[in-house]
Number of protein chains: 2
Amino acid sequence: MGTELSVTENEARYLKLIYRKQCEESAKVRTTTVAKSLGVRPATVTEVIQNLSEKNLLRHRRYHGVELTKGGTTEARKLLRKHRILEVLFMDILNYDARNACKEASKLDYYASRDLINAICRAYGHPEICPCEKTIFSDSKCKKNK
Amino acid sequence: MGTELSVTENEARYLKLIYRKQCEESAKVRTTTVAKSLGVRPATVTEVIQNLSEKNLLRHRRYHGVELTKGGTTEARKLLRKHRILEVLFMDILNYDARNACKEASKLDYYASRDLINAICRAYGHPEICPCEKTIFSDSKCKKNK
DNA sequence: TTTGAATTTTAGGGTTTCCCTAAATTTAAG
DNA sequence: CTTAAATTTAGGGAAACCCTAAAATTCAAA
């Protein structure tokens, strides 16, 4: 099999951020920018990026930035699917504002199981966009039965 | 002030377990038993117990077992409140069975904010027992307004 | 085209959290 | 009293994060 390793919660934060910047905002992912977003030093970002690179989740060309691999993209989307489904739950059921829904979802998404997310998805009629208008990626195991 | 330190996710697991055994099942909390429940070695349990003791969350009499302090009891109840409110959500909304609801709740309770839990509590009419019939502790900040 | 400022990476550490084995201790049952 | 079972101490180890200082690289402006 491909050398597919699991990501830590912290690495998950990086993946989500990188995907959003690169794939959804077409912005260049700079070490400095990421460092600022996450409140760490540039050297730390480089280190994490090298770990993600060893896990084949992204390609890293020294001094030139990163590009998510197929695996990294898939992983980022899985995480963002969880994040956004949780946002839907927190908004629609709990009268949260989008800002708070996102904040809460950020704390929980990494820990929510695929099954739980799919159950919520089903309960909310398989929504296709989250409160912030971002697309909610689909999951082949999430049947729209009935 | 009392030297009140924050607990790690792992320590939270110990607190929940100890509270359930000692306060809800009136069972003696044995190092060996805890070790078996959590899948670690007895020496590890002793170590964690000493940490919790330093944080004044429980009292430890060497070779004789532990007793939660006021602070430890409060902390355990806060955690179990979160756990059980999440169980209500997962059961009632998502057609989960109690077993799975509990499993999912266990992964998320530590990370759920007080505000989020109170919002769920409100949405479900301030339930007083969870799917397993255990009591859901109340939170002074969770208003039964309306 | 050179050069210097900005960005990025390397080198070398440090802390915290969690867990383990082996060797004492202590308890408690017979 | 003695000894088996339970518990604790002693001494480590690995993984996850983060940092500073110094070196490398890029790039844009003279």
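In this predicted model, a side-chain N or O atom of A:Glu47 lies 3.1 Å from a base nitrogen of DNA strand D. Two other residues of chain A approach the phosphates of DNA strand D. A polar atom in the side chain of A:Asn10 is 3.3 Å from a phosphate oxygen of this strand. For A:Arg41 the atom concerned belongs to the backbone, where an N or O atom is 3.0 Å from a phosphate oxygen of DNA strand D. The elements that supply two or more residues to the surface near DNA strand D are helix H3 (42-54) of chain A, and helix H2 (31-38) and helix H3 (42-54) of chain B. H3(B) provides the largest share of this surface, with 4 residues.

The protein surroundings of DNA strand D comprise 19 residues, of which A:Thr8, B:Arg30, B:Thr32, B:Gln50 and B:His60 come nearest. Of the atoms of DNA strand D that lie within 4 Å of the protein, 83% belong to sugar and phosphate. Sorted by class, the residues of the surface near DNA strand D are 9 polar, 6 nonpolar and 4 charged.

DNA strand C is likewise surrounded by residues of the protein. There are 19 residues around DNA strand C, and those that come nearest are A:Arg30, A:Thr32, A:Gln50, A:His60 and B:Thr8. Sugar and phosphate make up 81% of the atoms of DNA strand C found within 4 Å of the protein. The surface near DNA strand C has 9 polar, 6 nonpolar and 4 charged residues.

Several side chains of chain A lie beside phosphate oxygens of DNA strand C. A:Gln50 places a polar side-chain atom 2.3 Å from a phosphate oxygen of the strand. In A:His60, an N or O atom of the side chain is 2.4 Å from a phosphate oxygen of DNA strand C. The corresponding distance for a polar side-chain atom of A:Thr46 is 2.9 Å. Two or more residues of the surface near DNA strand C come from each of helix H2 (31-38) and H3 of chain A and H3 of chain B. The largest share, 4 residues, is that of H3(A).

The two protein chains also touch each other. Chain A and chain B each give 16 residues to the contact. About 1,400 Å² is buried between the chains, with 75% of this area on carbon and sulfur atoms. On the side of chain B, the residues that lose the most area to chain A are B:Leu108, B:Tyr111 and B:Leu116, which together account for 37% of what that side buries. Between chain B and chain A the number of salt bridges is 0. Polar contact across the interface is found for 3 residue pairs, with both residues at pLDDT 80 or more. Helix H4 (70-94), helix H5 (98-108) and helix H6 (114-123) of chain B are the elements that give two or more residues to the side of chain B touching chain A. The greatest contribution to that side is from H6(B), with 5 residues. By class, the side of chain B that touches chain A consists of 12 nonpolar, 3 charged and 1 polar residues.

The arrangement of the two chains was examined by superposition. A turn of 180 degrees, with a shift of 0.0 Å along the axis, lays chain B on chain A with an RMSD of 0.0 Å. The two copies are therefore related as by a two-fold rotation axis. In chain B, the C-alpha nearest this axis belongs to B:Leu108, at 3.3 Å. The same surface serves both copies, as 100% of the contact residues of chain B recur in chain A.

Salt bridges were counted over the whole model. The total over all chains is 10 salt bridges. Side chains of opposite charge can pair when their charged atoms come close. One such pair is formed by A:Asp109 and A:Lys16, whose side chains meet in a salt bridge with an N to O distance of 2.8 Å. A:Lys16 is in helix H1 (residues 9-24) of chain A, while A:Asp109 is in the loop between helix H5 (98-108) and helix H6 (114-123) of that chain, so this pair ties together parts that are 93 residues apart in sequence.

Note on methods:
Residues numbered from 1 in each chain as written. Chains lettered and ligands numbered in written order. Predicted model: local features only at pLDDT ≥ 70, side-chain atom pairs only at ≥ 80, totals over all residues. Heavy atoms only, no water. Contact = heavy atoms within 4.5 Å. Buried area = accessible area lost by both parts, 1.4 Å probe. Salt bridge = Lys/Arg side-chain N within 4 Å of Asp/Glu carboxyl O. Polar contact = N/O pair within 3.5 Å; in protein donor to acceptor, adjacent residues only side chain to side chain. Nonpolar A, V, L, I, M, F, W, Y, C, P; charged D, E, K, R; others polar. Least-squares fit on C-alpha atoms with pLDDT ≥ 70 in both. Near = heavy atom within 4 Å.
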